[in-house]
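Let's take a walk through this model together, from the overall fold down to individual side chains. Keep the viewer open as you read.

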Amino acid sequence: MPFVRELTIWRSGLSDPGDFPYSAVLDAFQRVGKHFVEKELLALLDEIRTHVVAAGRAAAGPTEPHRLLREFLDVALDKWDGRYDYRSYLALPLLRLPCTADDPGTDAVPDPADARRDSDRLLVRLVADALAFELAATAGATTLLPEQRPGPATVAKRLRLGVRAVLPAMSRLDPAWTVDDRSPATAAAALHAFAVADGTGDEEHRLRLSMLPVYRSHDEYLFVRVLQAYECVFAGLADELRGTVAALRTGQPGTAAGPLASARDRLAAAAPLFSLLATMQPESFRTFREYTEGASAIQSRSYKLVESLCRTPDGSRLDSAAYRSVPEVREWVLAGHPSVDAAYRAAAHAGRLAGADRDRVEREMRAFAEAVLGWRRTHHRLAVRMLGARPGTGYTEGTPYLAAVRSTPVFTAVGPDPGATAPPTNTGGCPA
């Protein structure tokens, strides 16, 4: 195994974390899938991690190269450590979500313009990279994840849906950017070129390191990138909701509805991601899913942040596996941190929210709630299509769980729109 020799040489030398042979390790993992990596390599990486931690402590503090290498090794060794989960499967620490999802205990509100731009940029990079993989596989330019390649019609559909999924973000990043609707391949290539030119070297490096699939199935690449994209979306929604809470609590009712409206628009705009995910071949999904036991979307920290920022979950919900799987968020909720629901009630009771401002906030709360409920319905439909009656990964019950929670109220301080006669028909995007 030449990569073991390369690692041994690095370990016996100066061991500069900036010179770590990432490419050799990444190739070794991607060649067989994380689930099947040789134990000799895992043991050596574990030894290297111990060395990296010690070196960081010996210095004035870990440098950025030290931190990156530690993050990469923690993600690569999750199965070896027995702590494999949704967060490590998606390599979220390496992506560094541009929002406060990595620090759920904070009530800080980032600058909205900066946070939205960072979220847009990461979303575009993730989707563009997924489409670039499809193009490379079709052209025979990559041997990565060679099993169960999709046919040309499926690839063309993926390219079209992927470009469509990021058009709203692209229109904000570059209003002059246009898409060639006649050629999905041309549009996807242009999108990827934009993402590469827009990204920094560190961002591209982290993006490459964040692809550690468990098996060799082609469709797992798409699966990982779409789930990472949704984590980015929900992390951004959490920041928007924090903005609404802050506005309501500090007596700025006129600005409280704006972040809610932005959150609703962003969730609705992400609907094509579900359609993109629905192009996965069910047999391919079931193949690689066999090796993802222990990782489940029920462990999504970003989604639980959004849910708990809307309103404080009921006691039974907080005590369920859904919240016990994200202890940082659960502790934040139990510490009494505010939600939109609670902030709305307090502001209305104190007379700080009335008249036109109150009407607008209520309207946006209802609209956002419908967007979330639509997302849940579509998530359930897609899961049923892919899983059927099979249990979920992460030791969850799968589709019955999604069915049970899909109609849980998003807010309780504001009820459904009294003028609505039926739920929206395509809020979450039709998985077709």
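**Helix 8 and its neighbours**

Helix 8 passes helix 11 in a right-handed crossing. This is a predicted model, and this crossing is a good place to enter it. The two helices, with helix 11 covering residues 201-209, pack at an angle of about 50°, and their axes are 11 Å apart. That angle makes helix 8 oblique to helix 11. On the helix 8 side you will find R121, R125, L126 and D129, which meet E203, E204 and L207 of helix 11. Sorted by class, the residues of this contact are 2 nonpolar and 5 charged, with no polar ones.

Now follow helix 8 to another partner. Helix 8 spans residues 112-138 and packs against helix 10, residues 184-198, at an angle of about 130° with the axes 8 Å apart. Helix 8 is therefore oblique to helix 10, since an angle has to be over 145 degrees to count as roughly antiparallel. The crossing of helix 8 and helix 10 is left-handed. Helix 8 brings R117, R121, V124, R125, A128, D129, L131, A132 and L135 to the contact, while helix 10 supplies A185, A188, A189, L191, H192, F194, A195 and D198. Here the classes come out as 11 nonpolar, 1 polar and 5 charged residues.

Three residues of helix 8 deserve a second look. R121, R125 and D129 take part in the contact with helix 11, and R121, R125 and D129 are also listed in the contact with helix 10.

Helix 8 also holds L122. Is L122 buried or exposed? With a relative accessible area of 2%, L122 is buried, because anything under 20% counts as such. L122 also gives us a bridge to a distant part of the sequence: its C-alpha atom is separated by 9.5 Å from that of V233, although the two lie 111 residues apart along the chain.

**On to helices 12 and 13**

V233 belongs to the next helix pair, where V233 is one of the helix 12 residues in the contact with helix 13. Helix 12 covers residues 219-249 and helix 13 covers residues 253-269; they pack at an angle of about 165°, with axes 7 Å apart. The two helices are therefore roughly antiparallel to each other, and their crossing is left-handed. Helix 12 contributes V233, F234, L237, E240, L241, G243, T244, A247 and L248, and helix 13 answers with P253, T255, A256, P259, L260, S262, A263, R266 and L267. By class, this contact has 12 nonpolar, 4 polar and 2 charged residues.

**The loop between helices 8 and 9**

Let's go back to the end of helix 8 and look at backbone geometry. Most residues other than glycine have a negative phi. Against that background, L145 catches the eye with a positive phi near 45°. L145 sits in the loop between helix 8 and helix 9, and at 0% relative accessibility L145 is buried. Q148 is found in the loop between helix 8 and helix 9 too, and Q148 has a positive phi near 60°. Q148 is partly exposed, with a relative accessible area of 29%.

**Two buried residues with distant partners**

Beyond the loop comes helix 9, residues 152-173, which is home to R158. How accessible is R158, and which residues does R158 touch? At 0% relative accessibility, R158 counts as buried. Setting aside neighbours within four places in sequence, R158 is in contact with L131, E134, P150, H218, D219, L222, L276, T279, M280 and Q281. Among them, L131 is also part of the contact between helix 8 and helix 10.

Finally, turn to helix 2, residues 22-32, where V32 lies. V32 counts as buried at 16% relative accessibility. V32 and R216 are 184 residues apart in sequence, yet their C-alpha atoms are 6.2 Å apart in space. Leaving out residues up to four places away, V32 touches V37, V214, Y215 and R216.

**Stepping back**

Now zoom out to the whole chain. There are 22 helices and 0 strands, and 54% of the 432 residues are buried. Among contacts with a separation of 6 or more, 79% join residues 24 or more positions apart. The accessible surface comes to about 18,100 Å², and carbon and sulfur atoms account for 55% of it.

Definitions and conventions
Residues are numbered from 1 along each chain as its sequence is written. This is a predicted model: local features need pLDDT of at least 70, side-chain atom pairs count only at pLDDT 80 or more; totals for chains, interfaces and linings use all residues. Side-chain values use heavy atoms; hydrogens and water are left out. Axes are lines fitted to C-alpha atoms, for helices over the stretch in contact, and angles run from 0 to 180 degrees between N-to-C directions. Helices (H or I, at least four residues) and strands (E, at least two) are DSSP runs, numbered from the N terminus. Angles under 35 degrees count as roughly parallel, over 145 as roughly antiparallel, 65 to 115 as roughly perpendicular and the rest as oblique. A crossing is left-handed if the near helix is turned anticlockwise from the far one by less than a right angle, and right-handed if clockwise. Contact means heavy atoms within 4.5 Å. Ala, Val, Leu, Ile, Met, Phe, Trp, Tyr, Cys and Pro count as nonpolar, Asp, Glu, Lys and Arg as charged, and the others, Gly among them, as polar. Buried means under 20% relative accessible area, exposed over 50%, partly exposed in between (1.4 Å probe, protein chains only). Accessible areas come from the Shrake-Rupley method with a 1.4 Å probe; for residues, only the protein chains shown count as cover.
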